[in-house]
Every structure is written in structure tokens, then in C-alpha cells.
Amino acid sequence: MPEEGGAGPDSLARAVAALSAAAPEFDATALADVLWLASRVEADADDVFAAPSPHQPAEAATAPEPEGVAPPPVGAGRTLHERLDGASSRVRGDPVAAARASGLPLALEVTRALRPWKRPWRQGRRSALDVDATVDDYARSGELLPVFTPAPERWFDLVLVVDRSPAMRVWRETIADLTAILDRLGAFRTLQVRGLGFGDEGLELRDGQGRLMSPGQLRSPDGRRLVVAVSDCAAPAWRDAAVWRQLRDWALSTPVALLNPLPLKLWRRTGLDLPTVRVSNGVPGSANSRLDFDPPPLLPLESDSGEGNDWLPIPVLSMSPNSLNRWSSTLMRTAPHGCGAVLVPQRGRPEGRAERGSQSVTAKGFLNTASPPAARLAVLCSAFDRLSMRLLHLIRQELVPESTVADVAELLTSGLFSLATDTGGTVELSLPEAVQRHLREDLAEHEVWRIGRALSRSVSAQANWGGQLPAVAHDPDSPVELPAEIRSFGQASRRTLEMMGLLTEESVRAGADRQKPAAVVVPALPSPPEREPTSDGRPYFFLSYAHTPGWDLASGDPDHWVRVFFRDLCDHVMTLTDVPAGVSAGFMDREMRPGFGWPQQLSENLASCQVFVPLLSPRYFTSESCGREWYAFAERMVQARATRSDAAPAIVPALWTPVDHDQLPHSVRNIRMGVENLGDRYEADGIYGLIKLNRWRDEYEETVLGLARRIVRVVHESPLPPGRPASYETTPSAFAPRGEGPRRIHLTVVAPTRDGIPEHRDARPYGADARDWNPYPSESPRPLVSLAEELIRSLDYRVTVSSFNEEEVDSLEQEQEGERKGGEVAPRILLIDRWALTDQELRRRLKVFDAHARPWVSAIVPWSGADSQCQGAAGRHVAEEMERTLPLILERGRRTDFRMAVNGVPRLKAFIDVLPAVVAHATRQYFRYADAYPPPAEPTPTPRLLDPAHPTYPEGGSDRGEGT
């Protein structure tokens, strides 16, 4: 028996269920590794499930319940309060962990900026077969002898030397995210992180386990170690010569750079007040001593010989993609533009450098002089008395997405916030009362509502990403009081709390009653009106169009009239709705700033806009970008229909130029075009024909107004909930590639009927037919195969559906017979319910099917994480039976990148995410392995060449040149 207070079988089952919900791609082995590691790791101060800190101040009295936060009704969500050890208030509730935001803005652009470091080192340590040289030697000598050459390998070992000064603690999340990007980049042989401290005895360098190490160990005799020091140079030690002498010592043998998170304008106030130059490079991967630069005219001489070559350049970078790209291109591609650097003399620092005192700033002065993103971030943070860097990054990501690391640094170094660090190293920010009162004067009422809605939406969308933001789920009946910020930052539904790890028996029983987050209530600030704004802060529509290529440099913008139409449509929507000033009624990719993360902006707007407006033209259906946009929105509609059977289509097509019905992909033909209500001229000429001719101006205005009314009606009658932004680069296209024939997929359902399930099995997921099977009844009322069919059709496939139970002969024999006859064979996907394997006859047929399964047969195994029977002993038994029945198909699925499909898909959202990948894989396997048969036709005689000396004769001649 387990010890009293220990973790019993029920606790282990709940932990396994929580891990399966949080990481559906983990198989049983990975889950076992996670549990073992968790048991071996000591409790950390950052553990959000730990008990309250024993160092809580005695004067921190228990705060009253927040005003306006009534006890949540049954089935409703709970408000989330950030858990802070330094908070003076306490909140009753349960500890949870919400997903934190990225501490590094523009992460994708940063990754691209570092790509030059992927340049390989040609003379690697290992050898590889040189096929060309081997063939050449064989052709010359006639002897087949392999020729080996050095294999290319990654060029550098990367060492990040991170300043561990107290002021650098605010950048812990940013540095962690940067380290993760460098690790995923795949450009470096090894990645090591070293800590740089300044003790009583001088500079201290520590390894990853905190042990002291000699700085000389970072020298590289072969010059293939890259050292990047990360510091804001604000510590007093950076005004001494010792640390600069050490950087110079490293830079003599290997490339060294200094990465500073502060904005450029603040560098001169720190220890970074050294002479600056622009350096260039003639040889890729050179050490700093080989970098070229022109000394400044007033640079003092450091040697008695009168030569100025004792200065050594060290590149200094900011965390902007542009700065990182210039440095990477200079070092690895010898780009002529060069990059910025500081000059370090032999003694470490020039003498006579005066220390600049810090300048205090008032709230009013900061708002007048700071960059707009930094000022807006300060105003939004004033809604909270106390917050951590993690919550600050979440506010920045959701409400000020245009801000950069430099904007965050400008806010943190302004002096407005008081910074404190708890025992676990978490930095907590607080505003003095006078500063907070002044900043709140610029905090509008609708901004307060927007903060709550945006953060609640982010928490719900990222609940399964792994939490690192400690929070308290408020519960007035809880006996536990935890130190936390009195103002809530968001609200989470029961389902979101369950995915965040707060599993209770009540939440499992009430799975069918899960609700979405409600509006957040922030005390001591104005309450929102009872009527919700119609716009909800989201654009009404997303305009999707095919870019027209320019044929002449002097022809101007070829998409000018698209922009005119977009502005006119926005004007009509603004007039017909209550969209507040400053909020755009629609989104168009021309509104984005070039080079500022356009894939993320497209993904975010595709996930938030309420109506999709495609401008149809012949060019539209050949554009891969348009196909991705269409599919991303169609996937949101499939998810909405999964939970609401009355969800109306949120796609409102607009005819830009006439399109024949035969030109429409099959994924589009089921969308209602609605041309009949907009006039004959619109149907004949399209919007482009109306907008170009002045005589059709009235018809154009009527058309645009009609489209605006239709958009507004769709939003009001059936609003589409926001989704989670997906990666734009990996989103599939809804249109088949040009020149490709109709694509087909065959879905086969392997599931029992309600009459064929075991006696102990819950009958809710089953119906009178196998095609009625719904493994996620708490998430969707619709059968799974109908959702899968709709999603695959949106990928421009023709889908056929069958039940494995109703096939009189094995499907494998049918496919092989059809293949031998040159008939139509399609890739096949099995939707398998493990409980179907309790039927002995079905197991026999599946074994035969698996033994001869063609390579284009794939499988998906839905296995609900909310179904207690699936997680019990009976569920494990049928899972083992499936491993014995379908070993070949399951092994093929586990060799792919989406092995979760055969290991068990725990939620409907995960099923919708993995299905397109399985379809694409089955199609690729079909094209690779299926036999091709030429179409039936009359045989054509083989052409023959005639002898030019014997030409053909008009009559009576021979094709052999034999005349009469």
C-alpha cells in the first residue's frame, strides 16, 4: 500500500492523463521517461505546484476576495491570478501553470538572420565516398576502387557566456528562448552555456553545473570555437579593464562577439563606451584579429612604436534580426556591408573614461520620449500592481506584437518600475502609486477589456503547450491561500484548467458541459457595459487575393485596384457596424510592413478574422499562398462545426474576374458564390470590370455594399470563434497543383456498432452504423468520419467512405485486383477504434489485411484522453491486442514524423491537426509505389528512318527504297 499522503494509483493515472493531454505526440515510452525524470529532479523554487514560500512576510495580510469576482457557477471558468511570492495579497484557489509567451520577439526572423552560420567546414574529421571521383577513376583504370574525401561538417562549437549580474535577471526568459533557437538552428557542432560572474577575486567563469572553470579553456587552437558574450554591460565590472582583457584574450584565437539586449541609444551609458568602428572580413570564419577596419581619426595610440594596431575589434550586436544578420553575413559570407564593433586595447580599457550617471525619468517624461511600443507597454502594465517578466512578455506578445527586445529594455531601464527578485530568481516588477496613477490616465476603458480578453484567449489557445507562468485559479471555497496579484490577468474554462493540469473528478464527469472563457473582470477599474461590442476587437474579414505580377517597371502597382476595393469594403463595414475608431474592419497583406514577420501576421489574422473573403480569379486557384489561406480558414470552420452543428459558412467569395465553373477546384465547388443577388453585370464582368469603367460606377457601389452586408450578416448570425495561429509555412494548400488530375482518398472506418460493443463499454461514442462512431463525444456531437471527410475535401480531394465491417471480401484483394486490371486505386486511411478488436473475426480479417497492406495504407487511432475506460486496464488490453493484429501498419506509422496518429490521438483538435499530414503521406506513398498504366488507345506504328539515297516514291515505292 502506498504511504499516507503518497501518490497512489489514482494520482498516477491523473498524472498520465494530464501528460497525455498536454503532449499528445508522446508515446508510452516518452511518458515513462518524463515521470522518471520528474521523480529524480529536486523540487525547484519555480515549481508552481509547490507550497507557498515560508519566507512570506508576516505583514502580508490575506486580501479580501476581488471585487466583482463572484463564486464561479457550476461548469463556468475561474479567474487566473499571477502567483508572486512578493505579493502582499493572497488569493484562495488552486495552483496552476499557464503557458508563457516567448521572451524573444520576431523569433522566426532571428532564426533566418543566423542562417549564414550553417555554412559547412569542408575538411571534416570524417570521410565520405566521393562518387564522381570513384567513377572517373574507374573509367580511366577499369578498376573499381572507392575514393574517399573529407566529409563536410558543422563549422563551429558555440559557447554562450551569459552575464549573471543581478541586472541581467530580467533577460532570463529572452536568453533562454535565444538559446533554444540556436539549439534548433542546427548550425553548430555543440552548444554550451557558461555563466560569467564578478566575485571578490575578480572574474569568475562557471559551467552548466555551477563549477568554477578556467577562462583559458575557451581558447581554441584551431579557431573553430565561436564565443558570444551576452550582457547589458551595466554591472560596475564592465567599467574595469579585466573583463575586456579576457574578451580580447579569447578574440585573439577565435571569433568573439558581444550581444547586448539594450537599445543602441543606451549603450554609451554602460561599460560599452569604447571607440566604435565598422569591420569587414575577407575570409569566412576569421578570428577577430583578422577583421579589417579603418581606425577613427582621433584614436589614441596604444603602443610606444606609434602604431595603432594594438586595438582589437569585437563585434557588438543587438537582438534585432537586422543586427544579427549583418554580423552573420560579415563573418560567414564576407558581406561587404560589414558590421559594428568596439575597439579594445591591450590594457582592456582606455584610461580616463568617465562614468555617466543614470538619469531619472518621470512617467510623463517617459511617455513623451519613449518609443510608441514601449510607451504603450507601460500603460498596459499599469493595470496590475505587481507582475513578473513572464506576464510582461505575455502582454507584449498579445497586445503589442510590434514591440522588440529594445522596446522592452527601454521600459525596464526607465526607472518607472521597482524590480525585486524572489528566492527562485523570478523578477517581479511593481509600480509606485504615483507612477501607476499617471499611467492609468492613458489607459482607456476598452483597453482594460481588451487586456482580459486577449490574455484569456491566449491562455485557452496555448493551454496544452506546457505551462511556465505560475498562476492561481481563484476558488472562494478553497482552503488554500496563495500569494498572488489581486487583479486577475485572464479567465480559463474548466477544459482549459484540465489541460493545464488541474484535473478533478468533477471535471472528468462534467466534460460534456465544458464552456469557453468568459470576459475577465479587473477590480478597481471601470466595469465593461453589459452589451458586448459587436466587433470584439477582431477584424471582420480577411481579404485573400492572388498577386498580379508586374510586366513593366513603369507600369505601377498591378494590385492597385485591389487596394481600392479593400478600402471601399472597409468603409462600408465600418458604417454598418460599431467597430471602434483605430480598429481596422478588415485585413489585407498589403497593410503589413515588409520584413516584419509576415508569416506570423498572416497566421494570426487567419486565426482571428471572422469572415474569409477570397477574390476569385483564374490566377487565384494556381496560387499556393491563396490555397494555404483558404485551407487555414476552412480548418477553423471544421472545428466550429465540430462543436456547433448550426455553424454557418464563414467564407464569402467575391468575383474579381469571371471564372468558369470547370476551373473551380472540388474543394471550392460546395461554397455558395451568391452572384445572383449582386446583379448580372457583376456576374458577367466581376468587380474588376465594374471598378475600371466609370459607366458601371453605380453597379460597383451596389456590389461592394452587398458584399459588406453579407459579411456583417454572417458575423452577427453565426460568429466564428478565434483559433490558434498555425505555422503558415507548414499549412497545406486547399488547391491541387496545376496540371494534376483529381486526387482521391479512401476512408475506411474500423469501429463497432452500438450492438457490437462489449457489455462493459460505454455506448455513447457509437451508433447504428460504424460510420456513426464519435470517439470525442465531449468535444463534438458529429461522427468523426464526417468531420474527416469535410476536412479532406477542403484539401481538394475526392473522398470515398466505407466501413470495414460491410466489406464482403478483404479490401486488400479488391485493391490488388483493381491494380492488375489497371483500374482506379486510391490511397487508403483507416480510422481505427481499438475497441473493435474485441471481435475475433474482425481481428482475423485485419491480420490478413495488415500482412499484405500496400505502402499507401495509413492509419489513425483516435483514443480519447477524457474517456476513463480508454485509460483503464481494459483499454490497455485492447491496445496490446492492436499491436499484435496490425504490426506492419503501426510500424510504418511510427517511422513518420506524425507517429501520434498510430500511438493514439487524445483530442479532436489533435486529430484535425494530424489528418492533413497523414493524407499527404499516403498520397506520396501512392505516387511512389503504385503501378502506372498507360491509357487504352490504338497502337501507333514505330517511325522509321529512310535512306537519303533512296527517297520515297509517290506510288508503288517501298519504304526500303525499292522502286518499281
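In this predicted model, nine cavities of 30 Å³ or more are found within the structure. The largest cavity holds about 110 Å³ of space. Which residues lie closest to the centre of the largest cavity? Of the 13 residues in its lining, the closest to the centre are L114, L182, V228, L259 and W327. Four elements each give two or more residues to this lining: the strands β7 (156-163) and β11 (225-230), together with the helices α5 (172-185) and α7 (321-333). A look at the classes of the lining residues gives a simple result: 13 are nonpolar, with no polar and no charged residues.

Helix α5, which helps to line the largest cavity, also takes part in a helix pair. Two packed helices are described by the angle between their axes and by the distance between those axes. For α5 and helix α10 (residues 389-399), the angle is about 65° and the axes are 9 Å apart. Angles of 65 to 115 degrees count as roughly perpendicular, and α5 is therefore described as roughly perpendicular to α10. On the α5 side, the contact is made by R172, E173 and T174, and on the α10 side by M389, R390 and H393. Sorted by class, the residues of this contact are one nonpolar, two polar and three charged.

A second helix pair is found at higher residue numbers, and it can be described in the same way. Helix α23 (residues 840-851) and helix α24 (residues 873-885) have axes that come within 9 Å and cross at roughly 40°. How is α23 placed with respect to α24, given this angle? The angle makes α23 oblique to α24. Here R843, L846, K847 and D850 of α23 meet E881, R884 and T885 of α24. The classes in the contact of α23 with α24 are one nonpolar, one polar and five charged residues.

Turning to the chain as a whole, its secondary structure comes to 27 helices and 29 strands. The chain has 964 residues, and 50% of them count as buried. How much of the contact total comes from residues that are 24 or more positions apart? Such residues account for 78% of the contacts in the chain with a separation of 6 or more. A17 and G865 offer a helpful case of residues far apart in sequence: 848 residues separate them along the chain, while their C-alpha atoms are separated by 6.4 Å. A17 belongs to helix α1 (residues 9-22). Its relative accessible area is 21%, so A17 is partly exposed; buried would mean a value under 20%.

Finally, two loop residues deserve a look for their backbone angles. L106 is not a glycine, yet its phi is positive, at about 55°. The loop that holds L106 runs between β2 (90-98) and α3 (107-113). With a relative accessible area of 24%, L106 is partly exposed. T334, likewise a residue other than glycine, has a positive phi near 50°. This residue is placed in the loop between α7 and β15 (339-344), and α7 is one of the elements that line the largest cavity. Is T334 buried, partly exposed or exposed? At 29% relative accessibility, T334 counts as partly exposed.

Notes. Residues numbered from 1 in each chain as written. Predicted model: local features only at pLDDT ≥ 70, side-chain atom pairs only at ≥ 80, totals over all residues. Heavy atoms only, no water. Axes fitted to C-alpha atoms, helices over the stretch in contact; angles between N-to-C directions. Parallel < 35°, antiparallel > 145°, perpendicular 65-115°, else oblique. Contact = heavy atoms within 4.5 Å. Nonpolar A, V, L, I, M, F, W, Y, C, P; charged D, E, K, R; others polar. 1 Å grid on protein atoms, 1.4 Å probe; cavity = no way out; pocket = protein on both sides within 12 Å on 5 of 7 lines; lining within 4 Å. Points joined across faces, edges and corners; volume = space filled by probe spheres on them. Buried < 20%, exposed > 50% of the residue type's maximum accessible area, 1.4 Å probe, protein only.
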